[in-house]
There are 2 protein chains.
Amino acid sequence: MADINAIAKQFTDFYYTTFDTARANLSSLYRDSSMLSFEGSQIQGVAAINEKLTSLPFERVEHKVTTLDAQPSSLGVASLIVSVTGLLLVDDSQNPLQFSQVFQLIPDGGSYYVFNDIFRLNYGA
Amino acid sequence: MADINAIAKQFTDFYYTTFDTARANLSSLYRDSSMLSFEGSQIQGVAAINEKLTSLPFERVEHKVTTLDAQPSSLGVASLIVSVTGLLLVDDSQNPLQFSQVFQLIPDGGSYYVFNDIFRLNYGA
């Protein structure tokens with residue numbers, strides 16, 4: 001599964017760099033069928049997802065990926081599930097937050113779009 | 001998405017209860033096409049997955065689900081992605097471990113089987 005891991009790495013590098021530097025540009029990754037579950041809120045469609053992501057209440061954010069796993073998500077098409085765990089630094093906080101995020105990527109004209117996106121912060125025990 | 005959340009809840013209740021009480025019975029949930037990524041190890045097929053799950057080196061384990069999210073994973077069939085974060089207590093340890101786990105469930109004769117399963121422990125910052 002070397003290819004799928006390379007795709008997952010390329011995607012997450014792009015996703016988190018874009019998130020951390022120019023969040024509005026993430027909208028190119030979503031379609032009207034795309035779903036985002038963000039801390040339990042369910043949002044559908046590129047416009048609503050872009051509105052949610054750009055209105056998150058912080059100025060600066062930095063994602064650090066700790067683990068990255070990928071699997072083919074279909075026997076029929078070259079879609080994949082990407083599961084990420086990592087750390088998030090927000091604004092001037094010195095305390096990183098743990099997060100988990102899952103994507104399903106669907107092939108689309110030589111590239112991929114995000115059909116599923118589930119984000120959760122993980123609080124300690 | 002009430003139905004999908006109910007299915008996800010029913011599945012995870014069954015999965016973790018079975019994991020914590022009779023791990024070998026989890027094999028009924030997998031097929032030969034099923035994939036498990038367990039802490040970075042990639043395993044495929046019901047026999048290999050059962051071998052992995054039953055050989056994990058602890059006697060007693062208890063999963064507690066902290067967050068549970070579900071989304072439809074296909075526009076065509078009634079498959080779903082289930083994303084779980086939670087805590088794990090192993091043997092006599094008093095220190096719960098955080099975990100993240102993602103499933104894709106595929107409908108199959110009135111029930112579902114696990115096509116994708118990605119498990120990771122989350123270590124602190």
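**A walk through two chains and their shared interface**

Let's begin with chain A, where six strands make up an open sheet in the order β2-β1-β6-β5-β4-β3, with mixed pairing. Each of the edge strands, β2 (41-44) and β3 (61-72) of chain A, pairs on one side only. From neighbour to neighbour, the strands of this sheet are turned by 15 degrees on average, direction ignored. Keep in mind as you look around that this is a predicted model.

If you are new to sheets, a little background may help. Strands of a sheet pair through backbone hydrogen bonds, and they can do so either parallel or antiparallel.

A good place to see this in chain A is the pair formed by strand β4 (residues 80-90) and strand β5 (residues 97-108), which run antiparallel and are joined by nine bridges. To follow one of these links by eye, find A:I81 and look across to β5(A), where its bridge partner is A:Q104. The sheet of chain A also has a helix packed on it: α2 (residues 46-54), which touches β1 (30-38) and β2 of chain A. The direction of helix α2 in chain A makes about 40 degrees with that of β1(A).

Now turn to chain B. Here, too, you will find six strands in an open sheet, ordered β2-β1-β6-β5-β4-β3 and mixed in their pairing. The edges of the sheet in chain B are β2 (41-44) and β3, each with pairing on one side only. Going from one strand to the next, the twist averages 15 degrees. Strands β4(B) and β5(B) run antiparallel, with nine bridges between them. To trace a link in this pair, start from B:T85, whose bridge partner in β5(B) is B:S100. Helix α2 (residues 46-54) of chain B packs on the sheet, in touch with β1 and β2 of chain B, and its direction makes about 40 degrees with that of β1(B).

With both chains in view, we can look at where they meet. Chain B gives 35 residues to the contact, and chain A gives 35 residues as well. Between them the two chains bury about 2800 Å², with 56% of that on carbon and sulfur atoms.

What kinds of polar links cross the interface? There are 15 residue pairs in polar contact between chain B and chain A. On the side of chain B that touches chain A, the elements giving two or more residues are β1 (30-38), β3 (61-72), β4 (80-90), β5 (97-108) and β6 (111-122) of chain B. Sorted by class, that side of chain B holds 15 nonpolar, 17 polar and three charged residues.

Charged groups join in as well. Side chains of opposite charge can pair when their charged atoms come close. Two salt bridges cross the interface of chain B and chain A. In one salt bridge, the side chains of B:R120 and A:D69 meet at 2.7 Å, N to O. Over all chains, the count comes to eight salt bridges. Why does the pair of B:R120 and A:D69 join two chains? B:R120 lies in strand β6 of chain B, while A:D69 lies in strand β3 of chain A, so the pair links one chain to the other.

Definitions and conventions
Residues numbered from 1 in each chain as written. Chains lettered and ligands numbered in written order. Predicted model: local features only at pLDDT ≥ 70, side-chain atom pairs only at ≥ 80, totals over all residues. Heavy atoms only, no water. Pairing = 2+ DSSP bridges. Helix = DSSP H or I, 4+ residues; strand = E, 2+ residues; numbered from the N terminus. Axes fitted to C-alpha atoms, helices over the stretch in contact; angles between N-to-C directions. Contact = heavy atoms within 4.5 Å. Buried area = accessible area lost by both parts, 1.4 Å probe. Salt bridge = Lys/Arg side-chain N within 4 Å of Asp/Glu carboxyl O. Polar contact = N/O pair within 3.5 Å; in protein donor to acceptor, adjacent residues only side chain to side chain. Nonpolar A, V, L, I, M, F, W, Y, C, P; charged D, E, K, R; others polar.
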